[in-house]
Amino acid sequence: MKKVAVSWSGGKDSCLALYRLLQEKHEVVCLISMVSAEDVRNHAHGIPLEILQLQADAIDLPLIMVDSAGEYEASLIKSLTSIKKQFGIDAIAFGSLYMEEDRKWNEQVAEKAGLDALFPVWILEEQASELLEEFISLGFQSIVCRASADVLNSSWTGRVLNESFCKDIEATKSCPMGEHGEYHTFVVDGPIFRTRLEIVHSDVILNSGLWSLDIHSCRFIDKDTEAVMK
């Protein structure tokens, strides 16, 4: 068992990584997300910081937002070093899937901060479809918040990840998990959520070659009350 921080995008990969860590009885003390204070969004998926905080509140874990300020790696290492002192963490967990270059960079960053690097959702590339199906079967509810305009059209943005999505993404010849940047997600519910999030107002915009879901507001839905109503 380790004391762990989780590198957090707000998407399916980091959510599934967190879920597996908790299942393995590791002590997850916080989530850490790299953000742009200037743009008021996180780097990974472009989620507004206010919405990202609501997601962390729904999961009931502290969220540490690190402004890259043009120095992404240095800012991350500095923050991890600080978190290690503050929380006594042993490791940082990443949602990397199968990109060796990505894993190598993450391992180097963790080493420089004096931490172990964990990869709870690491797979072979050919296992991507299986992992997507597992994510959905566990009861996670996630929507596409970004879609690459080079691969997908605007209709993909805002789509829910379900069986229909699995079939359609396979038909595009994309990685089913979007590991090559075909799409990114924002998770609103699942087994690690104390409260469900509901997106109240959003728009679809084209920004830097990405069809993006610009989320303006969300609200909490009490899962216990919802269950009684059903």
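**Exercise 1. Find the bridge partner of serine 36 in E3, then work out how E2 is paired with its neighbours.**

Step 1. Serine 36 has arginine 41 as its bridge partner in E3. Strands here are DSSP runs of E with at least two residues, helices are runs of H or I with at least four, and both are numbered from the N terminus.

Before going on, a word on the model: it's predicted, so local features need pLDDT of at least 70 and side-chain atom pairs count only at pLDDT 80 or more, while totals for chains, interfaces and linings use all residues. Residues are numbered from 1 along each chain as its sequence is written, and side-chain values use heavy atoms, with hydrogens and water left out.

Step 2. Zoom out to the strands: E2 and E3 (residues 41-42) pair in the antiparallel sense over two bridges. Two strands count as paired if DSSP finds at least two bridges between them.

Step 3. Look at the turn. Four residues sit between E2 and E3 in this hairpin, and valine 40 there has a positive phi of about 60°.

Step 4. Now the parallel partners. E1 (residues 3-7) pairs with E2 over five bridges, and lysine 3 stands opposite glutamate 27. Five bridges also join E2 to E4 (residues 63-67), again in parallel; here isoleucine 32 partners isoleucine 64.

**Exercise 2. Decide whether E2 is largely enclosed or not.**

Step 1. Set the cut-offs: buried means under 20% relative accessible area, exposed over 50%, and partly exposed in between (1.4 Å probe, protein chains only).

Step 2. Count: nine of the 10 residues of E2 (residues 27-36) are buried, so the strand is largely enclosed by the rest of the structure.

**Exercise 3. Describe helix H1 and what it links.**

Step 1. E1, H1 (residues 12-23) and E2 make a right-handed β-α-β unit. Right-handed means that, with the strands pointing away from you, the path from the first strand over the helix to the second runs clockwise.

Step 2. Check cover: 10 of the 12 residues of H1 are buried, including Cys15, Leu18 and Tyr19.

Step 3. Step off the end: lysine 25 follows H1 and has a positive phi, near 70°.

**Exercise 4. Is lysine 12 buried or exposed, and what does it touch?**

Step 1. Lysine 12 is buried, with a relative accessible area of 3%.

Step 2. Leaving aside neighbours within four places in sequence, lysine 12 is in contact (heavy atoms within 4.5 Å) with residues including Phe135, Met177 and Tyr183.
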